[in-house]
Amino acid sequence: MMESHGAPHRADSGKKSLSVIDYKGRKCVMKVYASPETPEKEAAIMRAIGITGYAPEVVEAEGNYIIAEYVEGEDYATLFRRATMTDDTALLENLAGRLCIFLQMFYSLGNGYVLGKIDFDEFILSRDRCCCVSFASARKGMPFEDIAEIIAYAMCNAAGSCYSAYPFVRKMLDGFHLDAIGVVNDMGEYIDEYAAKHGTVVDKDAILGALMAFEDGDTLAMLKNTD
């Protein structure tokens, strides 16, 4: 007997429906997809990652649905926006550091998958871990593609100026031994998608220019002071 409690407090891409349920005395999330291909892939990834505590435990998966544990914790996206709003360098570096640990673990256990479409709403800070609650967009790829999307997401979603995301971006680049030129060419598509999704005008050239300025401390300081 499953009792539905409506939609959960976080987003999940690529699904047909999503609800929080009471399943065998446990608070769980039930995802129902239009076809079985996505849940089969997602359940396999969640089982591989879930043993580490960085993904929800799969309680049941069959056909076109997955039932997984409901992960309690703090919304990563909310913390990120709060940190950029207040220029909380320590929090931004902490968020990036925790995400780097998750990603490094994910790439070592994920059988060649990358996350694909990045949305900070799909991360929860739980028990000192950055836990990913959705792998619906996972695909085969290279890690730097994820890093490019994460940095693009961070700069597009920073509260106020995109420069407020600098401590986060710097930590992400350093965590994967990348420089701005290594990801800048892969950011443009995400920025275009973000603008279309939100129906807003995004100055892509300004964002990409800011990213390149992150490699030069003197230029960064000058641009921040004139922003």
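Which helices each supply at least two residues of the lining of the largest pocket? I looked this up at the start: helix 4 (143-157) and helix 6 (188-198) do so.

**Entry 1. Ground rules.** The model is predicted, so I took local features only at pLDDT of at least 70 and side-chain atom pairs only at pLDDT 80 or more, while totals for chains, interfaces and linings use all residues. Residues are numbered from 1 along each chain as its sequence is written, and side-chain values use heavy atoms, with hydrogens and water left out.

**Entry 2. The chain.** I find eight helices and ten strands in the protein chain. Both are DSSP runs numbered from the N terminus, helices being H or I of at least four residues and strands E of at least two. Of the 227 residues, 49% are buried (under 20% relative accessible area, with exposed over 50% and partly exposed in between; 1.4 Å probe, protein chains only). Among contacts with a separation of 6 or more, 66% join residues 24 or more positions apart; a contact means heavy atoms within 4.5 Å.

**Entry 3. Largest pocket.** I put the terms down before the values. On a 1 Å grid over the protein atoms alone, a pocket is an open set of points with protein on both sides within 12 Å along at least five of seven lines, and a cavity is a set where a 1.4 Å probe fits but cannot get out; lining residues have an atom within 4 Å of a point. Grid points are joined across faces, edges and corners, and a volume is the space filled by probe spheres set on the points.

The largest pocket holds about 300 Å³. It has 14 lining residues, and I118, D119, Y153, Y190 and K197 are the closest to its centre. Helix 6 gives the most to this lining, with five residues. By class I read four nonpolar, three polar and seven charged. Nonpolar here is Ala, Val, Leu, Ile, Met, Phe, Trp, Tyr, Cys and Pro; charged is Asp, Glu, Lys and Arg; the others, Gly among them, are polar.

**Entry 4. Second largest pocket.** The volume is about 180 Å³. K117, R139, E145, E149, N185, D186, M187, G188, E189 and Y190 line this pocket. Helix 4 and helix 6 each supply at least two of these residues, and helix 6 gives the most, with three. The classes are two nonpolar, two polar and six charged.

**Entry 5. Cavities.** I searched the whole structure and got two cavities of 30 Å³ or more. The second largest has about 50 Å³ of space. Its lining consists of L115, K117, I118, D119, E122, F123, C132, S134, F135, A136 and S137. Six of them are nonpolar, two polar and three charged.

**Entry 6. S126.** Is S126 buried or exposed? S126 is buried, at a relative accessible area of 4%. The residue is part of strand 8 (residues 123-126). Leaving out residues up to four places away in sequence, S126 touches V71 and E72. A polar atom of the S126 side chain is 2.9 Å from the backbone oxygen of E72.

**Entry 7. Strands 4 and 5.** Strand 4 (residues 58-62) and strand 5 (residues 65-69) run antiparallel and are joined by four bridges; two strands pair if DSSP finds at least two bridges between them. I noted A68 in strand 5 as the bridge partner of V58. Two residues lie between the strands of this hairpin, in which G63 has a positive phi near 60 degrees.

Definitions and conventions: A polar contact is a pair of N or O atoms within 3.5 Å; within protein, one must be able to donate a hydrogen and the other to accept it, and residues adjacent in sequence count only if both atoms are side-chain atoms.
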